[in-house]
Amino acid sequence: MCGILGIVSSDPKKNVAQELLDGAMFLQHRGQDAAGIVTCGARGRFYQCKGNGMARDVFNQQRMLGLVGNMGIAHLRYPTAGSSAMSEAQPFYVNSPYGISFSHNGNLVNAAELRRYLDEKVHRHINTDSDSELLLNIFAAELEKYDKARVNNADIFRALEGVYRECRGAYACVVMLAGYGIIGFRDPHGIRPLLIGERTHENGKKDYMLASESVVLKAHNFVIFRDILPGEAVIIPKDTMIPEFKQVVPGSSYTPDIFEYVYFARPDSILDDISVYRSRIKMGEKLAKNIERQFLDDNRKKVSDEIDVVIPVPDTSRHSALECANQLNLPYREGFVKNRYVGRTFIMPDQKERTSSVRRKLNAMQSEFYNKSVLLVDDSIVRGTTSKEIVAMAREAGAKKVYFASCSPVIRFNHIYGIDLADTKALVGFNRSVEEISKIIDADKVFYQDLQDLVDCCQSNDDCPDLIPSQNKPPKDSRLYHPGELPKINSFEVGVFTGKYITGHEDNYLQELEKIRASNQRIRETGSIFSDGDFVDVKAESDISIFNSGDYNNNY
Ligand SMILES: *[C@@H]1O[C@H](CO)[C@@H](O)[C@H](O)[C@H]1NC(C)=O
Ligand SMILES: *[C@@H]1O[C@H](CO)[C@@H](O)[C@H](O)[C@H]1NC(C)=O
């Protein structure tokens, strides 16, 4: 999962790099592995700065000064297919045709087929393991077919038809064509999010921004916004500044990844017209009802006779846990305090006794656990190792009984669209009953959200009309206005719970994914700087553009 951004400013003298950086900060939670910005100056040249690490590490003032131009795109990378070590930071660049810079969020499920196609049919060199590079090259190959000196919108839309035909999987992309403009498009199932926003200046001129989450748009005063629809693309040419939308292929379904709501997106974002915060509140409410039901079924007891307090596992689950406590009429206490300043650290090779990463991050306050029956609420249970450690911490702090509730159903399968959960066999929910899971994490009982309940939580904005973001909906006179009826979300991508993925995948895809995960894991465990492996992880190494270093001193 990654964060992507793009801006085109109507003011030719304006540099958009600062806004891209500010925007990247708002999307940092979507990927802390690498960050990159590419801008395009008046002469059609690209300026780029990218490197490994968080945005604040990669960009400094000096580097930012080099990023000139009134349009640009950005990327925040989360380690997905294509391991963090072996693939470059995005945006990716190809010089032919026209000069293309490319940011991708998602995962392709037919990468092997695309790799063969690019090699054997169109003879394009692929230099990394990243499926984003494949996507970019497919786009470039499609655009090249028309063999024209200059492209227009119609050519770009036609090239995208080819991309949709060849590429299967989850993708939301922001692309910059040198000297031309910015393009945004979203896969035919709408699995990964992408929005476009409009900002109007006092003189009536308008700027446009594309982003993974609405929170960035609002923060930058792009107050009119809407989702790019499944299978839809938009082009914003910098000369006309008139966005053109096209439904390139019919949307196959409207099925966003439900994990955005469970834990990935910021709570203050609205994705596909669904308030993430609201959906999490609902998850707490439904979970509480479920717990009450199970208590009654099990021993005809009331929850409040058995449980003293509800405690969230910070951070994502807080909103749900609070609502769950309200619903159960139980006190809500912050029993775990998070150490905010542990980022990713390296492990010295001679460090035998490693404090578990959970214990480095969380501390249990005895006063809130001692002699109490506690209900811990977390967003999900993945491998079970973290949950087990947390239950142990609660017991060490004196809890009499520890119940554990998950806002999502049992995760039994791989996440194949870019969230690095774990291999299927490493999931604690793989081929295990809830009782077995309770035993493994050493909880007195584990409660899971019901899948239908979870889907309802995300779909039921309707009963809180004040929260429907109607004030942001493009009015009729906005260039973002969508004529005709908007498609409705018919379901969600829930393959991690059911094993049935909306897009399907290549036969050996899961094995490939497992190999990549294993290599990522090795890197994490060995601590990159001590690895004797085949890579060097250069922390926050800048890459200020090779293309035009120093050029910004001339008036671009
Ligand atoms: C634990 O709490 C119960 C009542 O909730 C109380 O009767 C008991 O004395 C407490 N035990 C300790 C060791 O504090
Ligand atoms: C699932 O569990 C059962 C019983 O514990 C076991 O016999 C079976 O082999 C397991 N299946 C897989 C695919 O691991």
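Strand β12 (residues 232-237) is largely enclosed by the rest of the structure, because six of its six residues are buried. The model is predicted, and buried here stands for under 20% relative accessible area. The side chains of β12 fall into two sets: Glu232, Val234 and Ile236 point one way, while Ala233, Ile235 and Pro237 point the other way. Residues of both sets are buried.

**Neighbours of β12**

Strand β12 has pairing partners in β8 and β13. The table lists the two pairings.

| Strand paired with β12 | Residues | Sense | Bridges | A bridge pair |
|---|---|---|---|---|
| β8 | 181-186 | antiparallel | five | phenylalanine 185 with alanine 233 |
| β13 | 244-247 | antiparallel | four | valine 234 with phenylalanine 245 |

Alanine 233, the β12 residue bridged to phenylalanine 185, belongs to the set that points one way with Ile235 and Pro237. Valine 234, bridged to phenylalanine 245 of β13, points the other way, with Glu232 and Ile236. The link from β12 to β13 is a hairpin with six residues between the strands. In its turn, methionine 241 has a positive phi of about 55°.

**Nonpolar cores**

In soluble globular proteins, nonpolar side chains tend to be buried together. The largest nonpolar core of this model holds 76 residues. Those touching the most other members are Leu5, Phe59, Ile258, Ile291, Leu375 and Phe492. Helix α9 (residues 276-299) gives the most to this core, contributing six residues. The core lies between domain 1 (3-273 + 469-509) and domain 2 (277-459), because both give residues to it.

Isoleucine 291 can be followed in more detail. Leaving aside residues up to four places away in sequence, isoleucine 291 touches Val303, Cys324, Leu375, Ala405 and Phe447. Leu375 is thus named twice: as a contact of isoleucine 291 and among the core residues that touch the most other members. A second core, separate from this one, has 36 residues, including Leu114, Ile126, Ala140 and Tyr164.

**The whole protein**

The protein has 556 residues, of which 58% are buried. Its secondary structure comprises 18 helices and 21 strands. Of the contacts between residues at least 6 apart in sequence, 73% join residues at least 24 apart. The protein exposes about 23,500 Å², and carbon and sulfur atoms supply 47% of that area.

Notes: Residues are numbered from 1 along each chain as its sequence is written. Chains are lettered from A and ligands numbered from 1 in the order in which they are written. This is a predicted model: local features need pLDDT of at least 70, side-chain atom pairs count only at pLDDT 80 or more; totals for chains, interfaces and linings use all residues. Side-chain values use heavy atoms; hydrogens and water are left out. A nonpolar core is a set of buried Ala, Val, Leu, Ile, Met, Phe, Trp, Tyr and Cys residues joined through side-chain atoms within 4.5 Å. Buried means under 20% relative accessible area, exposed over 50%, partly exposed in between (1.4 Å probe, protein chains only). Domain bounds come from an automatic or database domain assignment. Contact means heavy atoms within 4.5 Å. Accessible areas come from the Shrake-Rupley method with a 1.4 Å probe; for residues, only the protein chains shown count as cover. Two strands pair if DSSP finds at least two bridges between them.
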